[in-house]
Amino acid sequence: MKGSVNTLCHCVLQAILNCCNMTICVIIINMANTLGNKVDMAAQEIAALYLEHVDSTLPFGTGHINDTYLVNSRDEKFILQRLNPSVFRRPDYVMENIARVTGHIKRKLIATGGDPQRETLTLLPARDGRICIMDEGGGVWRLYPYIENTCAYENSVSPSAVESAAECFGRFALLLDDFPTEKLHTTLPGFHNTVERVETLERAARQDVCDRFESVRNVYDSFMDRTHIAREFCRVCGDIAPRATHNDTKLSNVLFDKETDKAVCVIDLDTVMQGCIISDYGDGIRSCAAASSEDSGTAVLDAGLFSAFSRGYIRALGGVLTQAELSSLLLGAFAMIYENGVRFLTDYLMGDIYFKVNNPKHNLTRALNQLGLLCDAEAKQDELKLVLHGIIFSSCGMR
């Protein structure tokens, strides 16, 4: 790959820090698109280091962070991914976590008669034996087999599909229930430290590097009026023993069998590390129980989808959840909606340097969506408590 990706990233970041109006921010987005084109060109070269024959490498999926490609090699398909080096500063930690977790899950699936090739990811070595390859810009590439006859959903689907996705996430956590969490690296320090996320938003508002704050002051104030959610979430998580958690349990991170529409495999394991299980439940509710995608301007929390996700997740995992975890699940949902809204607004104020965007107001749209979802959840809080209490009682009994 020609040039240095790190140099380009540095130039983009410096331009962001110096920008003062929307026009320059648009220019920066175009610079980031140029960087993306260079990564696309490198994908073919990297794929050839893994596979003897490469027919094509095509951009695949809609992830916010990494670059993903579908590789066609004669009669086989593979998934090639480049970790975003500006997000994952220790890609070796990420890869070690994935190898350990998938190895643990494979052993348990084999022991219980599961399908280790279909129900979890498989890291494939390069032709020289390396499990991952680093490019000139510090990005790390890895290759997985493409799991045939599966698909992923981006937006809300039927209650039965949501329940199946939740059960798949719950089963993932259950398979890792006995995993020694001390063997997991912390790949993203403070990832769900929601209090720190709020502090970062406050700094972004003060610095206002893209001159965007005045136009979103009311949105900012709405998030700041709810900082008690962040404080309570961090307090509760501090009292709950950590587990091996996924930390990005959105709907698109589950593969569904195309014929049965049943969830079969949890994907995107880059954020697997020690964490609090209520954040995994909460992020699943945030993604799966919303009646519209986070890219839409409005959001409603669908009580039926909330019930479906809660049933599937608790049915799969409820037997090992503690009373403290069960009683804090709803807080986890509120906190993850709040936290993601804070992150989107922060990125908007900082010039869109973290999440991929399609237009200059994309992150603002996402932030407004999460704020709307949170407001709707607050209005339905009593109803949601009753639903969740009934599911916990029927699945776990009153412990």
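**Strands, a helix and aromatic pairs in a predicted model**

Me: Over how many bridges do strand 3 and strand 5 (residues 140-145) pair?
Reply: In this predicted model, Leu-80 has Leu-143 in strand 5 as its bridge partner. The two strands run in the antiparallel sense. The number of bridges between strand 3 and strand 5 is 5.

Me: Which residue in the turn between strand 2 and strand 3 has a positive phi?
Reply: Strand 2 (residues 67-73) pairs with strand 3 in the antiparallel sense over 7 bridges, and within this pairing Asn-72 is matched with Lys-77 of strand 3. The two strands form a hairpin with 2 residues between them. The turn residue with a positive phi, about 55°, is Arg-74.

Me: How many residues of strand 3 (residues 76-82) are buried?
Reply: Strand 3 pairs with strand 2 and also with strand 5. The strand is largely enclosed by the rest of the structure, because its buried residues, out of 7, number 5.

Me: Within what arc do the buried residues of helix 5 fall?
Reply: Helix 5 (residues 194-207) has 14 residues and spans 20 Å from first to last C-alpha, close to the 20 Å expected at 1.5 Å a residue. Its buried residues are Thr-194, Val-198, Leu-201, Ala-204 and Ala-205. They line one face of the helix, because the view down the axis places them within an arc of 120°.

Me: Which exposed residues lie on the face of helix 5 turned away from its buried side?
Reply: The buried residues of helix 5 are covered by elements including helix 6 (217-224), helix 7 (227-238) and helix 11 (329-350). Just after helix 5, Asp-208 takes a positive phi of about 45°. The face turned away from the buried side carries two exposed residues, Arg-206 and Gln-207.

Me: How far apart in space are Glu-182 and Ala-244, C-alpha to C-alpha?
Reply: Glu-182 belongs to the loop between helix 4 (159-175) and helix 5. Its relative accessible area is 62%, so it is exposed, the cut-off being over 50%. In sequence, Glu-182 and Ala-244 are 62 residues apart. Their C-alpha distance in space is 9.2 Å.

Me: With which side chain does the side chain of Thr-122 make a polar contact?
Reply: Thr-122 sits in the loop between helix 3 (91-111) and strand 4 (133-134). At 16% relative accessibility it falls under the 20% cut-off and therefore counts as buried. Beyond its neighbours within four places in sequence, its contacts include Leu-143, Tyr-144 and Pro-145. The side-chain polar contact, at 2.6 Å, is with Lys-106.

Me: How many residues apart in sequence are the parts tied together by the pair of Tyr-153 and Phe-256?
Reply: The count of aromatic pairs comes to 10. One of them is the tilted pair of Tyr-153 and Phe-256, with 4.9 Å centre to centre and 55° between the planes. Tyr-153 lies in the loop between strand 6 (150-151) and helix 4, while Phe-256 is in strand 8 (residues 254-257), so the pair ties together parts whose separation in sequence, in residues, is 103.

Me: What is the relative accessible area of Phe-256?
Reply: Its ring partner, Tyr-153, counts as partly exposed at 24% relative accessibility. Phe-256, by contrast, is buried. The relative accessible area of Phe-256 is 0%.

Me: Which residues form one aromatic cluster?
Reply: A pair of aromatic rings is described by the distance of the centres and the angle of the planes. One cluster of aromatic residues is formed by Tyr-281, Phe-309 and Tyr-313.

Technical notes. Residues are numbered from 1 along each chain as its sequence is written. This is a predicted model: local features need pLDDT of at least 70, side-chain atom pairs count only at pLDDT 80 or more; totals for chains, interfaces and linings use all residues. Side-chain values use heavy atoms; hydrogens and water are left out. Helices (H or I, at least four residues) and strands (E, at least two) are DSSP runs, numbered from the N terminus. The expected span of a helix is 1.5 Å times one less than its number of residues. Buried means under 20% relative accessible area, exposed over 50%, partly exposed in between (1.4 Å probe, protein chains only). The arc is that of the directions from the helix axis to the C-beta atoms. Contact means heavy atoms within 4.5 Å. Two strands pair if DSSP finds at least two bridges between them. A polar contact is a pair of N or O atoms within 3.5 Å; within protein, one must be able to donate a hydrogen and the other to accept it, and residues adjacent in sequence count only if both atoms are side-chain atoms. Rings of Phe, Tyr and Trp (its six-membered ring) pair if their centres lie within 6.5 Å; planes under 30 degrees apart count as stacked, over 60 as edge-to-face and the rest as tilted.
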